[in-house]
Each structure stands twice: as structure tokens, then as C-alpha cells.
Amino acid sequence: FSLFGHGESQIYVPNPSQHFMFERLNDRYERDSLAMQKALTHPPHKVYKRRWSMVLNGRKGALKKQFAQMEKAIDAVGQEERSTIPSPLYSRTVIVLDFQTMKGDMQDIVKELSDAVTFILSQYHNKCTRLEMGKDLEVIICMESPGGAVQDFGLAADQLIRLKEAAKQKDLTLTVCVDKIAASGGYLMACHATPGQLMAAPFAVIGSIGVLRETMNIHDLLKKGFVRPLLLTAGHAKAPLTSTSEVTEEKLAIVQKDLEKVHDAFRASVKDARGDAITGEFDDVTNGNIFLGKDAADKGLVDHLKTSDEYIAERVQAGDRVLRLHKYDRNRMGHLRLSPLDLLLLKTTDGTLGKMFGNMMQTAIRIGPQLMKVGGMMGAIKLADENYQASSKRRRLQDDI
């Protein structure tokens, strides 16, 4: 068969690739908890286990009485206080996305963000998946960016605006957490959080709402060397300043006008997103100044002083299902690094997952030799074809261009 639209067969083959995987942060420290429990219950040196177990049982009894008194106090407060007790039913779902521009190509980073937002919104509008998510969906963006090209961050900000538009239905919340820096283009994205949901660490760098363009001009140096660069343009505002063109007041004015246009659009986007939340003088906070988290909170650039780890821990404690979205990596499987032994030890409610994986491994071992024969044959055909192409290329070197 062939792909849809190619050849005689009209068979549509969907894309089988997996793009994302999820780590449930509620279970992040399960193994560490078990290890700590073993360390706490292990008897001290030269202390018999029986005596140590009697000591632990006595302590547990005293703690149970203390916890019972705390529960009675909570019951006495009323329904509002009892509603803060974590629920194991995962009535809400929280998805955590990391957006860091310090590493990697910006175009690839924006493309990954766009794919993630499209996937989340498709699942949000899917009725079956929406019911499994619970009554509310919250998306947390962990932001770390000093800014960059206008077109890249404008496109990235548009992805968050897509989430913010969907959040108008009141059951989707967009939260942005800044631990280190969200400056310039980074703040252009961060300011589009749902009102009241922009968090920043006390020493995070916020703001830098401005525009710059930098270039090095060597026109005078070339002139001294009797080199005359030529640049032909149609339109007096086309490429006013290049590294080799002559710098004039007219050309500088054209560039400055372009920068002011971008700055005005930047300021308008911040004003629309933050609205009356900015308590400081708007011109003072949007003239390129940078602020630490505390000063930014005082001026209304952020809503709360809180780290992303602190906020995510609050969501876990509140009983939400917290999922961190990772880009799917077939070799490393994200940050989970599951081994075949881990898969065999996995258990579902009926204890069948490990058994299913074992059956899959047995099937793979059984058909492995046949697959190796087919792979060897295909490898030989490919090698013969490469040799033929190489010999044909040696005979027709004049065809290269």
C-alpha cells in the first residue's frame, strides 16, 4: 500500500509518531518516600528490633492522638476549612510546560510550544478527555527567557493567547511562573497569564519592555582602504542601515521610527494583558527598565511572589492531578528513564501490566530471528545500491553542479 494521494492505492496512513509524554508529579517522590521510610524505621546500632518497634509504636500512638485532635479542630471550623483537605480523587488536572530559550534554537522551541498548545487545546475540547480531566484544567508555563527576536517571541506570545482565549470559559486557567528571568520578549509572553496568575520569585528579573537593534558599521574603514561597497535598493526606506552603508541622519531616523512602532505595539500588548493590574506609572515601567520580583510585584507587573516549585507543590497538596509534559524521546523516554525491569514491576489495579509487557517481550524474542533475516537482506540490497550509485557517479563526474 502507499500513502494517501500517491500511487494506485488510496490508503490513508495516519502519523504513528508519539510527540509527548507525561510525568505525574504527584508520584515524583514515591521511591524516595519508601527509602526514607526504611531509613526512619531501621533500628539504631546495637538496638534490638523488638525494642525499637516498641519505641516506634509508642510514638505512633502519641502522633495519632495529636492528629485526631487536629481533625476535631478542623471540624469545628466548618465546611470552608474542611474543603482545603487534599482529595485523592484528582478533581482537577494541572499540566506543566517548561519554556526555556537559553538553550536550543528559538524556532524549534516555538514550534514545540505551538505543538504542545495545539495538543492541549484539542484534548480540552474533546468531550471524553475533558470528563477525565475533572472540573477544571490549569496550564502552568515555567518561563525562563531574556528575550530575543521580535517575530519569534511575538509568535510564542500568540500561543499563550490561544490558551488565554480558551480560558474565558472559566474552567481553564493559564498560570505563568518565573523563577529566574522573563525580560523583554519573555515578559511579552508572561504578561498574558490569566489575571492573578503571574508568579515570580523574589529575585527574578522582570520587565525590560523595550526594543533594540544593534549592528557594526565598517563604512569608514572600507573608505580608508579605497573600497566602495555598492547596495542598490528601490524605496528610500529599504535597508537604511547595513554594516557597509554610510550612516546619515535620515537613515537613523528611519530606523528609529521602526523601533518606536515595535515598542508601541509591545506596550499596547502589555496594557491589554495586564490592564489595571499595573499600579505604577505606565510610562515608567514600560521604558526598558528591569525590576526584581519584589519591585515588579509592587508595580503590578506580577501578581504574586512565589517560585514555581512552591506553587506546583501547593497544587499537589490541594489534591490536583499534576502532569509535567515532556517531549517524547524514544531513546531516553524523557526524564523518566524507565528500564525493562521497571516495566516488568509495574502493576495496574488488576496486576496485568507487567504480565502484558512480559508477553510482548516473548513475542519479540520469538520473531526476532525472522526480522534479522529480513533486515540483513534489506541491508545487502541497500549496500549493493550504494555501490552502484558510487560507481555510476565516478563515471559521470561532469553531471555534478
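**Exercises: a surface patch and two cysteines**

L63, F67 and M70 form a nonpolar patch on the surface, with about 300 Å² of accessible area together. The model is predicted: local features need pLDDT of at least 70, side-chain atom pairs count only at pLDDT 80 or more, and totals for chains, interfaces and linings use all residues. Residues are numbered from 1 along each chain as its sequence is written, and side-chain values use heavy atoms, without hydrogens and water.

**Exercise 1.** Place L63 in the secondary structure and classify its accessibility.

*Solution.*
- Step 1. Helices are DSSP runs of H or I with at least four residues, and strands are runs of E with at least two, numbered from the N terminus.
- Step 2. L63 belongs to helix 2, residues 49-77.
- Step 3. Buried means under 20% relative accessible area, exposed over 50%, and partly exposed in between (1.4 Å probe, protein chains only).
- Step 4. L63 is partly exposed because its relative accessibility is 41%.

**Exercise 2.** Determine why C177 is not bonded to C142.

*Solution.*
- Step 1. A disulfide is a pair of cysteine sulfur atoms within 2.5 Å.
- Step 2. Zero disulfides turn up in a search of the whole structure.
- Step 3. C142 is in none, and its nearest cysteine sulfur, that of C177, is 5.5 Å away.
- Step 4. The closest cysteine sulfur to that of C177 is in C142, and at 5.5 Å it is too far for a bond.
- Step 5. C142 counts as buried because its relative accessibility is 10%; C177, at 1%, also counts as buried.

**Exercise 3.** State how many helices and strands the protein chain has, and what share of its residues is buried.

*Solution.*
- Step 1. The protein chain has 14 helices and nine strands.
- Step 2. Of its 401 residues, 31% are buried.

Note on methods
Patch = residues over 30% accessible without salt bridge, like charges linked within 9 Å, V, L, I, M, F, W, Y side chains within 5 Å. Areas by Shrake-Rupley, 256 points an atom, 1.4 Å probe, with all protein chains shown as cover. Salt bridge = Lys/Arg side-chain N within 4 Å of Asp/Glu carboxyl O.
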